Amino acid sequence: MTAALSPRLRAVADALPIRPGMRVLEIGSGTGALARELVRRGCDVVAIDRSPRAHAIATRDAEAGGPDFRDVAIEDFVLDDGEAPFDLVVAVRVGSLDGRHPADAALARIADVLNDEGRVLVEAGGTLREIHARHH
């Protein structure tokens, strides 16, 4: 049984500047509810989480054509050979991006996987805000 979309995650999905075909990286995807919703809305989604438990829950009911769930922290994430960079990075309640923990390593890795026009949106405390990843 896949995770239902909470009102909070529905609000995030509704606020994201997405369009069909957009490549989206979700950081801290948990059980995968937001990632599945973004796929339903036509996005190509890679969803990462550092928690093996969350990854196991997210992949338990994985469907063909759904999100690409990966068990990895953003600080260790790299694109696969030949994989295109992302148009959008989204994170909901991710400590290294919402001010609870140092962000330098996460932002450097995001800059490496984001395309030149890509955006990074972070939700914390009910507010979705854009942050800037530094490019080398």
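**Figure 1. Glutamate 83, a buried residue with a relative accessible area of 15%.** The model shown here and in the other views is predicted. Arginine 23 forms a salt bridge with glutamate 83, and 3.1 Å separates their closest N and O atoms. This pair joins distant parts of the chain, since arginine 23 lies in strand S1 and glutamate 83 in the loop between S3 and S4, 60 residues apart. Arginine 23 has a relative accessibility of 12% and therefore counts as buried. The cut-off for a buried residue is under 20% relative accessible area; glutamate 83, at 15%, is therefore buried as well.

**Figure 2. A salt bridge between arginine 70 and glutamate 83.** The closest N and O atoms of arginine 70 and glutamate 83 are 3.0 Å apart. Distant parts of the chain are again linked: arginine 70 belongs to strand S3 and glutamate 83 to the loop between S3 and S4, with their positions 13 residues apart. Arginine 70 and glutamate 83 are both buried. A network of salt bridges links Arg23, Asp44, Asp68, Arg70, Asp80 and Glu83. The salt-bridge count comes to twelve.

**Figure 3. The salt bridge of arginine 119 and glutamate 130.** The side chains meet at 2.9 Å, N to O. Arginine 119 is in strand S5 and glutamate 130 in strand S6, so the pair links distant parts of the chain, eleven residues apart. Arginine 119 has a relative accessible area of 33% and is partly exposed. Glutamate 130 is also partly exposed, with a relative accessible area of 34%.

**Figure 4. The open sheet, made of six strands.** The strand order is S3-S2-S1-S4-S5-S6, and the pairing is mixed. Strand S3 (68–71) and strand S6 (127–131) are the edge strands, each pairing on one side only. From one strand to the next, the twist averages 20°. Within the sheet, S1 and S4 pair in the parallel sense, over four bridges. Glutamate 26 stands opposite valine 90 in S4.

**Figure 5. The largest nonpolar core, with 22 residues.** The residues with the most contacts inside this core are Leu25, Ile27, Phe77, Leu97 and Ile110. At least two residues of the core come from each of S1, strand S2 (44–49), strand S4 (86–92), helix H4 (104–113) and strand S5 (114–124). H4 gives the most, supplying five residues. Another core lies apart from this one; it has 21 residues, including Leu16, Met22, Ala35 and Leu88.

**Figure 6. Isoleucine 110 and the buried residues of helix H4.** The buried residues in H4 include Ala106, Leu107, Ala108, Ile110, Ala111 and Val113. Their cover includes S1, S4, S5 and S6. With neighbours within four places in sequence left aside, isoleucine 110 is in contact with Ile27, Ile74, Val89, Leu97, Val120 and Ala133.

**Figure 7. Helix H2 (residues 33–40), lying across S1, S2, S3 and S4.** H2 runs at about 175° to S2. Seven of its eight residues are buried, so H2 is largely enclosed by the rest of the structure. The buried residues are Ala33, Leu34, Ala35, Arg36, Glu37, Leu38 and Val39; charged side chains are thus listed among them, namely Arg36 and Glu37, because the residues counted as buried in H2 are those under 20% relative accessible area. The buried residues of H2 pack against helix H1 (7–15), S1, S2, H3, S3 and S4. Glycine 42 follows H2 and has a positive phi, near 100°.

**Figure 8. Helix H3 lying across S2 and S3.** H3 runs at about 160° to S3. Among the elements of the protein chain, H3 (residues 52–60) has the lowest mean pLDDT, 87, and strand S1 (residues 23–27) has the highest, 97. Across the protein chain, pLDDT averages 88, and 92% of the residues score at least 70.

Conventions
Residues numbered from 1 in each chain as written. Predicted model: local features only at pLDDT ≥ 70, side-chain atom pairs only at ≥ 80, totals over all residues. Heavy atoms only, no water. pLDDT = per-residue confidence, 0-100. Core = buried A, V, L, I, M, F, W, Y, C linked by side-chain atoms within 4.5 Å. Buried < 20%, exposed > 50% of the residue type's maximum accessible area, 1.4 Å probe, protein only. Contact = heavy atoms within 4.5 Å. Pairing = 2+ DSSP bridges. Axes fitted to C-alpha atoms, helices over the stretch in contact; angles between N-to-C directions. Salt bridge = Lys/Arg side-chain N within 4 Å of Asp/Glu carboxyl O.
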